[in-house]
Amino acid sequence: MLTARCPRQTAESLFQMNILSELRDRFRPVLEQLTDDAESLLEMIRPSQDPRFGDYQANCAMPLGRVLKKPPREIAERIVSELNVGDLCEPPEVAGPGFINLKLKDAWIAKCIGDIAGDDRLGSEPVKNPRHIVVDFSSPNVAKPMHVGHLRSTVIGDAIARMLRFAGHQVTTDNHIGDWGTQFGMIIYGYRHFVDADAWQTDPVGELARLYRLVNQLTEYHAARESLPGIRKQLEDRRAALQQLEMDSQADDGSRKKQKKAMRRQIAELEERLQSLQARIDAVESSAELRNQAREHTDIARLSRLETSRLHAGDPENRALWEEFLPKCLEALQRVYDRLQITFDLTRGESAYHDELAGVVAELKDRGLAVDSDGAVCVFIDGNEAPFIVQKTDGAFTYATTDLATIAWRVRELQADEILYVVDSRQSEHFRLLFATADRWLEQPPSCRHVAFGTVMGRDGRPYKTRSGDVVGLESLLDEAVQRARPVVDANDDERDEPLLTEEDRRRVADIVGLGGIKYADLHHNRDSDYVFDWDRMLATTGNTAAYMQYAFARICGIFRRLGIDRSAVAASDGPVLLPTAEERTLALQILRFSEAVDDVLADYRPHLMTVWLFETAGCLSRFYGACSVRDAETPDLRNSRLLLCDLAARGIRTGLSLLGIETAEVM
RNA sequence: GUCCCCGUAGCUCAAUUGGAUAGAGCGUCGGCCUCCGGAGCCGAAGGUUAGAGGUUCGAAUCCUCUCGGGGAUACCA
């Protein structure tokens, strides 16, 4: 099996190397003769799950059989007889109820490998109709320190933005930070009453975080004390009711059983709430200082809300404090983003839209979309019980109003075609109402999409917290990741006869492995399921992890280094692509599927489909190593061909990881 | 109460959105090799896809009900 490599493609002559698209192009004219709706049937051409059924399969004969009222096998035979795929496939086979199985010719795979050998995009073609897509992600509240909850939005949003950009879309990443909300009133109040002047001088951001936590704690303390008697009463009532029910009913019928069950659950919930309220109260009362502060600031909740509304009303002193606090908060955020290598084109927080909110509400009312209801201004969307509140009884606007103003701005100023919100799935109702409102309000509403994701859980199956029950700060999380990655890096290098890494190298590699591990663990889960945060699995050197993938890359680099061969020289050389073994063929085909992986991710914004490709590629690579020696290849051509496969696999892995925001190291 | 999501191997997750015999990793057990980076490769065990009906050539996936878990639910963002 031997095929001459095509002449190098120039950068200008972009070509397509997407097997699925190619096959669909071949099927299209045939299917168009049979039906008006060829496109939906073309979707049914897909990679085979089982290699026994070839490389790809077309499942369109069965549904077509129903429409045309003919046996599906007969239709499949007809499609096959009219299909022109002789240059790329072995003769197609019809199997089962009417599956058409397609096996690619080795020669064609080899030719395609030759075509993409010099291509940095591995044959992934930029989209023909680029759109302007705003990706709204991360969006922390500035006065509060970032925590593990912000990680998913940040990592998933960044990966999606990178891939959209790679695919050729115009992308604007926008960090819609919370820089105008109630938390600012809280730190203003805290600053006025509790600031530690020395701490403020040396570590302003840390001091602001402390002030926020303090005010929050005191506020919750008073709220807890206030609600405690009510909860106790409820609990007693429930317990009494349950007892009554148990005495009344000798014979349990179904509904009574259910009632009791519901009651027990309510009791358990109340007990839990009572416990956590009590813990909050105890935390304050066990410290003399906090006890005093609580006594002196009984009205803290109302007063800090007042600070917020003063800020919004333009009070010069509060405004000055805000101006002073904000840059320091942004700096702290930037530190985290720098470490994660995440950038935003825009950081337009809520404050940027403040002046437009009154206009938004007025316009909604004029258009009859918003109405007064119980003193608040609301938009009601059919089919939703909950209102979309754009102005509260006290006259303040809500995040609903801000989000509407933001959409309008993005359409007006950015000419955005599409907006993606990478936000926790718990906010899906908000977005449903937001999008429905925007659709009715704007003349040319953009296409909006809530890219939702689940909660980060601990190993106990509950939301990830520290042992004391606090949320985990993001910076300490990143520190721990790097710290845990270091022994893994050390162990690998120490095993060598001659260690390759300097102290500085090791630090850098630990950074890459640790931070990559955190990102990869998040991204390799289907985004809408909750996922369990587990250090050991995250940094494992086996299995579907960043470390394993980074290792696969470094291993190839090591082979080239040991053989004294420059990788770029291999990609640029002209020589035949040879695929004599099953392992070489499988690896080659897998490499050609890179562009499918990019398409799959973007079809529904699911980065985990890229990790699937990466993991399968690494698997193909390992099997290839086992079966095919590069160094001891029988002929120079074969060796060169194998080097080319190695180089392409390495570049595929590096590119795939980089689209997920994950780095690689040539030596690790 | 209403609405939304979920339930797949011991554990963590997939399953190309209705396709063929439900797949990986970890863990367990058993093999391989003087192995270019073994962080490897091959194999085994492990499943009534929570349960019951239904739709059709075909269901983990769609519909109905039951059980179990989570979330949202009028002025926090």
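Modeller: Let's begin with a term: a salt bridge is a side-chain nitrogen of Lys or Arg within 4 Å of a carboxyl oxygen of Asp or Glu. This is a predicted model, where local features need pLDDT of at least 70, side-chain atom pairs count only at pLDDT 80 or more, and totals for chains, interfaces and linings use all residues. Residues are numbered from 1 along each chain as its sequence is written, and side-chain values use heavy atoms, with hydrogens and water left out.

Colleague: Cool! How many salt bridges are there across the interface of domain 2 and domain 4?

Modeller: The rule finds four.

Colleague: And which side chain does arginine 335 meet in a salt bridge?

Modeller: Arginine 335 pairs with glutamate 475, at 3.1 Å from N to O.

Colleague: Back up a bit, where are domain 2 and domain 4 in chain A?

Modeller: Domain 2 covers 132-179 + 324-457, and domain 4 covers 474-659. Those bounds come from an automatic or database domain assignment.

Colleague: How many residues does the contact take from each domain?

Modeller: Domain 2 gives 29 residues and domain 4 gives 31, with contact meaning heavy atoms within 4.5 Å.

Colleague: What about the area buried between them?

Modeller: About 2900 Å², and carbon and sulfur atoms give 65% of that. Buried area is the accessible area (1.4 Å probe) that two parts lose on being put together, summed over both.

Colleague: Which three residues supply more than any other three on domain 2's side?

Modeller: Arg152, Met163 and Arg339, with 24% of the area that domain 2 buries against domain 4.

Notes: Chains lettered and ligands numbered in written order.
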